[in-house]
Amino acid sequence: MTKTDVTASIDALPDLDHSAPLLQVKDLHVEFRTRNGLAHAVNGVNLSLQAGESLAILGESGCGKSVTAQAIMGIIDSPPGYITQGEILYRGVDLLKLPEAQRRKVRANKIAMIFQDALSALNPVFTVGFQLAELFRKHRGMSRQESRQRAIELLDLVKIPAAKQRINDYPHQFSGGMRQRVMIAMALALDPEVLVADEPTTALDVTVQAQIMALLAELQRERNMGLILITHDMGVVADVADRISVMYAGRVIEEAGVHDIYSTPAHPYTKALLQSIPRIDLKGQELHVIKGLPPALTDIPAGCSFNPRCGYVQDVCRADPPPPRYPVAPGRTSACHFWKEVKGDE
Amino acid sequence: MGRYIIRRLLQFIPTALGTMLLLHYITSLAIQFSGNPVRALFGDRQPPPAMIDAITKRLGYDDPCLDQKGSLCIKLFGERLQSVFLHFDFGINLRMRPVTDLVAEAIPFTLKIVLVAIIFEAVVGIAAGVIAGLRGGSFSDYLVKISTVFLISVPIFVLGIVVREYVGVKFGNTLRGQDWIPDVISSGVFASGFKLEYPFASLIIPGLVLGATSLATTARLTRTSIMENIRADYVRTAKAKGLANKRVIGVHTLRNSLIPVITYLGVDLGALMGGAVVTETIFNVPGIGRLVTQAARTGEAPVVIGVVTMLALVFLVTNLIVDLLYAVLDPRIRYE
Amino acid sequence: MSDLTSAAAAVGGEAAAPTPTGPAPAGKKEASASLWADARRQLVRDPVFVVAAIYILLVTSMALFPWLWTRTDPRACDVKFHRTPPNAEHIFGTNILGCDYYAFNVYGARPSLAIAILATTGIVVIGGLSGLLAGYFGGWVDAIISRIMDIFFSLPFLLGAIVFLVVVKDQTIFTLAFVLVLLAWPTIARIMRSSVISSKNLDYVHAAKAVGATNGRLMFRHILPNAIAPMLVYATITLGSFVSAEATLTFLGVGLQAPAQSWGIAIAQHQVYFLEDPWLLLFPCGLLVGTVLSFILMGDALRDALDPKLR
């Protein structure tokens, strides 16, 4: 297999439908076979992304957002993880049905990913230049000289000063924010159409967070990329996202435009999340907490998985089947039987 | 990086001096409590008193500080240091032959088996460890786990005896009975011990035995290291970059996984030199190990101390080189 | 002899490149208690561990209560009956001196195990303490202790043992144990030191310090319970290595001497008869290898059980 057949193969992908959404996830189910039982990490997730759009996936730790992202990329460790159901459509082509060789080429070329902790996500024994250049050498068949040059250009693109010198540095020689920029550079190297960012700013402090998010927003605009931003931080989401999907226990429980979610949440969980954000004008009052804990993924409650902790719970919530995605408005859904009350309460 | 090197060198010097002081102190204590050992070295024989005096003087055992029990004998230590580092004099044996000569004669043989051992343990050990690590939980993994555990549990002398008797003697006899097998193989490789006529061939099996235990450790270490690294975040990133599995494992994972293994091999090199003791005794190899064992049996402490001092210094130097190598392999260490 | 470096490396590569292995606690004693409880539960269900532990208990009972295992006096030897193969009267046969081999091997468990247990206790106390102090205080305390460790490290194991034993000239259980301690304590000290260093920086230790805990309290009540796991694993494996080491030193002639009775002596005395009378080597080797194997398997199982990363 020659090194330059990459681009050719991708365009030769059967049935690339340029009118279909850029990325679509349909009814995705992922489970993990662990020592303690079967963990249902993703239980029927539906997502949709268009070019130039920012979708934020919001949820607590363990709700399945990272696993969804990894499923999209196709990098779930198997064993112990298995995709048991669903489709992941890139421009209408189901990636799950592609042979691995083609799937691999979609990675980094069309859909790229950046991770949370850049220090552990970058290989500590290779220089940053090596790790960037290898993308060009392996995917585009470029020579060492050319790929090195491109690597320097990438570092410039993400605004790392003295790129020419820093290309020979190792990851641990960069500060946290700089490292994250390197990760972004690595993801954008082959001009992908979709960028999945898994908690890119969680490990950084606030001022650096703002810089990185600004950089991401700028790059997205320039390239008309689709951006999937995975986070648990509602503050970060408000600035950057166009739409939000809130996940809980492996399901998307609400999807809406960013303004709608903040002003009129239509699911008790989203509402409780918003209420628990400390607000300076409510100084002196007790902090809101959502009572209870998220369920263990090996033992998800029947019916609506949020029912043990919900303020609006009724008997119907405790019984299977779990609530479907009720349409609230065009482009807006909520998986709560009583979404009208929740929304109307505001 | 320069600071790291200097720091290691500065650590090396007091350690080397400390080791020699320790060995010196042990010898001095022994003499202080049991008297001049030179006379006892000769056993039942009656050497002329002049000879005893000559040896005593030569070894420095006539120093008055050796009459005080517990004294550190610093001055004597100083003289010993001088003789070691300025004159390369590590002492003499009963027949007044310098230890350095004895070692020079013995070292080529020890080096040969150590070489065979290291190549064996590195190649087979790393290969087995990589296969087992990549296929965690599979049959090959269990096979490697079980065989390495057994190999570690069997003391090296048991392994050596069994190999010598079954392979060297029994199997060797069968081979020697067949005419069509070349002598190099039947009498050389499958000899029951070292044979002067086949100085390299007859050292192959002893080398394999010597490397056997270390091979098991190398395999386990490689296996553990690979299993840890394969779940690492940077491996996930490499996959997300769309790199071929071969490259993800062969370049990214391996480069990280082999760091502890290479450092172990480096340290083991020095350890093997000392561990060859048993193998040389069993296979009758005239190397350093046998030199020391025989000297120990006849009570020739000066030879034992002299050789051990030399080997300890070699060990320290090897460890120093390994530490520096570690900095080359793992960039994170360079900037500590 | 790389037995001890093997054992150290078997603990997960700590010999060459110390990496933090202390379990990261969520809430001080609470997390430690549940880690041990979890570990105990897992071990009891691990068939390999249980079988190995039973074997060790059997061998220990041989050492402690040999009369439970045989009524024959191992010293009641009659040279006329030397080297008879196993039969109804002597189930292991007789050795070159005509002693009942079964009794010889049963009684032989005691010195072998005694040395191993004494020596392991010694290295745990001395090595553990040194590692704890070096890791906790750092600075020049660490520098001095580390240099001393390096000095002992520079002596290759077997050669070092030969040196000490040649000079000491007195070959009893205690001198052998002493020599083993002298040569092996640095490895445990190093493991302990790196565990302590990584535990020292945990947040809850800082918290305890901020509340005014004294050095002693911090060391023993907070850091030690966390740092102790790798050392425990290593100590278990070392028990096996020491049994092996005693046999090897005896084989070389610098360990225990006749008329003492140990497995090492049995093997050393009968090595030339291997092809003619294989049982003379089979029994002590079998017992010896079985013991070492059991200790190593127990150590392995212990390490898997105590490793929070595998949860």
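**Chain A fold and two chain interfaces**

Of the 346 residues in chain A, 45% are buried (20 or more other C-beta atoms, placed from the backbone, within 10 Å of a residue's own; exposed is 12 or fewer, and partly exposed in between).

This is a predicted model, in which local features need pLDDT of at least 70 and side-chain atom pairs count only at pLDDT 80 or more, while totals for chains, interfaces and linings use all residues. Residues are numbered from 1 along each chain as its sequence is written, and chains are lettered from A and ligands numbered from 1 in the order in which they are written.

Student: What is the radius of gyration of chain A, and why does it agree with a compact globule?
Tutor: The radius is taken over C-alpha atoms, and the globule rule is 2.2 Å times the number of residues to the power 0.38. For 346 residues this rule gives a value near 20 Å, so chain A agrees with it at 21 Å.

Student: What share of the contacts in chain A between residues at least 6 apart in sequence joins residues at least 24 apart?
Tutor: Two residues are in contact if their C-beta atoms, placed from the backbone, lie within 7 Å. Among contacts in chain A between residues at least 6 apart in sequence, the share joining residues at least 24 apart is 65%.

Student: Which strands are at the edges of the open sheet of chain A?
Tutor: Helices (H or I, at least four residues) and strands (E, at least two) are DSSP runs numbered from the N terminus, and two strands pair if DSSP finds at least two bridges between them. The sheet has eight strands with mixed pairing, in the order β6-β7-β8-β3-β9-β10-β12-β11 (chain A). Pairing on one side only marks the edge strands of chain A, β6 (111–114) and β11 (326–329).

Student: Which residue of β12(A) is the bridge partner of A:P327?
Tutor: β11(A) pairs with β12 (332–334) of chain A in the antiparallel sense over three bridges. In β12(A), the partner of A:P327 is A:T333.

Student: At what angle to β7(A) does helix α2 of chain A run?
Tutor: Axes are lines fitted to C-alpha atoms, for helices over the stretch in contact, and angles run from 0 to 180 degrees between N-to-C directions. Helix α2 (65–73) of chain A lies across five strands, among them β7 (194–198) and β8 (226–231) of chain A, and its angle to β7(A) is about 150°.

Student: Which element gives the most to the side of chain B that touches chain A?
Tutor: On this interface, 17 residues of chain B are in contact with 22 residues of chain A. Elements of chain B giving two or more residues are α10 (233–240), α11 (245–283) and α14 (331–334). With six residues, the most comes from α10(B).
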